[in-house]
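Please open the model in your viewer and keep the selection panel at hand. The tour below moves from one selection to the next and says what is there at each stop.

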Amino acid sequence: MSHPLPPDTGELPLAPGQRLLESSRKELSPEALAEIQAIASRYPDRMAATLPALHIAQREFGFVSLAAMKAVAKALGLPEGHVFGVATFYTMYQKKPVGQYHFQVCTNISCALNGAAPLLQKLCARLGVEAGGPPSADGKWSVEEVECLAGCGTAPCVQVNHDVYDEFVDEKMLEEMIAACQRGEYRPWAH
Amino acid sequence: MAAIRTKPDRHLYTFPGFGSEKFPNLMLRGAGDLDNWPRRVYEQKHEGYLGMRKALKMDPSAVIEEVKTSGIRGRGGAGFPAGLKWSFMPKDTPERKFTRYLVCNADEGEPGTFKDRVIMEYNPHQLIEGMVIAGWAMQCQLGFVYVRGEFLWLIEKMEAALQEARDAGYLGKDILGTGWNFDILMHRGAGAYICGEETALLNSLEGRRGEPRVKPPFPAAKGAFGQPSTINNVETLAAVAPILRMGGAAYANLGRPKNTGTRIFGVSGHVNRPGVFELPLGTPLDFIVNECAGGVRGGKKAKAIIPGGSSCPMFDAKDFDCPMDFDSVRDRGSMAGSGGVIVMDEDTCIVQATLRLIRFYAHESCGQCTPCREGCNWMQMILQRIEDGQGRLEDLDLLAQLTPRIGLRTLCPLGDAACGPMESALKKFRDEFEHHITHGTCLAKGPGLLARASAH
Ligand SMILES: Cc1cc2nc3c(=O)[nH]c(=O)nc-3n(C[C@H](O)[C@H](O)[C@H](O)COP(=O)(O)O)c2cc1C
Ligand code: FES
């Protein structure tokens, strides 16, 4: 697991795009708070809502900033340290801003055997970003190298944001995916 | 919320002869058809919920006996007999009443494994039916399905299927007039391979960091939320539905003695027709690779095959005839694991493949136990040095000395999982490591496997 220190939202310059306004926020919206309470009441113990609440906070804040963690801790009445520990343990909670379209390329064994490594390099060059690095200057793109996405039989497997999940991806298909993003066919990150 | 996925996936689910008496189709009925998931289809076309109706008329302990008779062993990795595991759950006594939980492991994190998602995508009701039967057998009050965070669309599909089951009275209060209450909750993970390990999964379910727990106490004594719990893989639970429907003895006739039934193999890597195939246990590995998956791509030969997901030691050519059941694979020095068969052709660089796998384990180690946290990192650094052409021959002995200091010395088997590929690669393909060290270059001609530039 990587354990990077999350940047505090307050100190970030106004970057990437639309989500900027959101990531400068400190509080969860009333709807999100209600959703978290509803989830918490389903479990035998409120603490179990930590993971779902962080997913909700990520959707609201754009990424899991320190303020997002504090807001989750407050909503669930849990120690901030607990939420911080959980948020930094799991890789799907982005601790820094990502682009509007966040490409996650699996480079684990089955995908690697099918050319995921050159594919990742081409994608990074095409979008002008570094894998795992900050989003492009316009805030539109970011790329991350991820571990097995359970699409090994249709490798290489690429996921964009949370719902687009594509398989047998080659250069041509990458272009199609990028075009679909540009046409606004995919749901942008955190929406 | 995203809608239920309408884009067909391009997996292969069948092979010539599938569905015949020799290769019965118990787990993949209707796979590939996106309209297969609703309850109506499951009940009308696939004998759905018959097993549950039968089970709910039986005594819970008789259901456990039926599952014991079937001989089914866990499909998640360890191959532990499911019926036996269920019988460990404490029963209510006049003095003490228990709250029991059933947990379904749908983390599907093992590289090379992509079978549980097929069940949830095409037959979510089969999993629900299996969970209701298991819940009844152990008299559980609540069931959880822990799904990896990436499978958002499958969670939404499962929620829709669960609602259908609730509407039909298969979940909720007083299920089919038995007076027994049971419901199932979906829980979404957030990206951590270790959360597939059962006690780490419990911690993650409780909202903690996914760190494995000290055992004992085992989950049957103290599991989710401190209560007795049983954790089973998706495929294990889904298989319980046909077991009850056809009877434990009939299921036990499939496969081999002590290794009964069918299981889903996922074949990936350098094959012509990668896909998901349901086969009786004991089917030879070369049948799976050549007949089902169409053989190695480009007419090449296979160099190494990982038989059960990335944690299992690799096979080289002399073991390609291995019957794929738990005991035979173990006798040949590997593990049947999660049924993910990864095929590497003759042009694959084993040094790179091993480095890629070890990098995965080093990244996914939860960091609690020093042997695993430090050991996996050291293995990665030594392998990286070899891959970069700066290795020394002593490095190979160093690696060979490292693995026994990691394996069996940790709270959970993640350390052992990392040692499996490492030890087997070193034993079976030592010449490739030596060539990398002495020549600084690679014997294999294939394209690179690492996203980082290296000696290739
Ligand atoms: C590091 C690690 C990862 C695991 N990942 C999974 C997984 O993704 N899915 C799964 O079903 N079992 C996984 N297991 C196995 C589980 O610990 C457990 O044995 C299994 O869920 C039990 O179910 P079964 O008896 O039905 O096989 C993993 C084990 C380890 C040590
Ligand atoms: S190895 Fe890439 S999806 Fe499994």
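Begin by colouring chain B and chain A separately: in this predicted model, the two chains bury about 4,800 Å² between them, and carbon and sulfur atoms account for 57% of that area. An area of this kind is a common way to state the size of an interface, as the accessible area lost when the parts come together.

Next, select the residues that make the contact, which are 67 from chain B and 52 from chain A. Within chain B, show Ala190(B), Arg209(B) and Arg356(B) as sticks, since these are the residues that lose the most area to chain A, and together they make up 13% of what that side buries.

Staying at this interface, turn to the charged and polar pairs. How many salt bridges are counted between chain B and chain A? The count is 2, and one place to look is the pair Arg359(B) and Glu145(A), whose side chains meet in a salt bridge with an N to O distance of 2.8 Å. Across the same pair of chains, chain B and chain A, there are also 22 residue pairs in polar contact, both residues of each pair being at pLDDT 80 or more.

Now hide chain B for a moment and look at chain A by itself, where the domain assignment gives domain 1 as residues 25-89 and domain 2 as residues 101-182. The C-alpha centres of these two domains of chain A lie 29 Å apart.

Bring chain B back and colour it by domain, using 39-253 for domain 1, 261-344 for domain 2 and 350-455 for domain 3. If you then select domain 1 of chain B and domain 3 of chain B, you will find their C-alpha centres 36 Å apart, with 10 residues of domain 1 and 9 residues of domain 3 taking part in the contact.

Between domain 1 of chain B and domain 3 of chain B, about 880 Å² is buried, and carbon and sulfur atoms give 71% of it. On the domain 1 side, select Tyr193(B), Ile194(B) and Pro212(B), which lose the most area to domain 3 of chain B and together supply 53% of what that side buries. The side of domain 1 that touches domain 3 in chain B has 6 nonpolar, 2 polar and 2 charged residues. Between these two domains of chain B the count of salt bridges is 0, while 2 residue pairs are found in polar contact.

For the last stop, select ligand 1 together with the 19 residues that surround it, the closest being Gly76(B), Asn105(B), Asn232(B), Asn233(B) and Thr236(B). Which atoms of the protein should you look for around the ligand's oxygen atoms? A polar side-chain atom of Lys85(B) lies 2.9 Å from an oxygen atom of ligand 1, and an N or O atom in the side chain of Asn105(B) is likewise 2.9 Å from an oxygen atom of ligand 1. From Glu108(B), by contrast, a backbone N or O atom is what lies 3.2 Å from an oxygen atom of ligand 1. Finally, switch on a surface: ligand 1 has 620 Å² of accessible area on its own, and the protein covers 91% of it.

Key
Residues numbered from 1 in each chain as written. Chains lettered and ligands numbered in written order. Predicted model: local features only at pLDDT ≥ 70, side-chain atom pairs only at ≥ 80, totals over all residues. Heavy atoms only, no water. Domains from an automatic or database assignment. Contact = heavy atoms within 4.5 Å. Buried area = accessible area lost by both parts, 1.4 Å probe. Salt bridge = Lys/Arg side-chain N within 4 Å of Asp/Glu carboxyl O. Polar contact = N/O pair within 3.5 Å; in protein donor to acceptor, adjacent residues only side chain to side chain. Nonpolar A, V, L, I, M, F, W, Y, C, P; charged D, E, K, R; others polar. Near = heavy atom within 4 Å. Areas by Shrake-Rupley, 256 points an atom, 1.4 Å probe, with all protein chains shown as cover.
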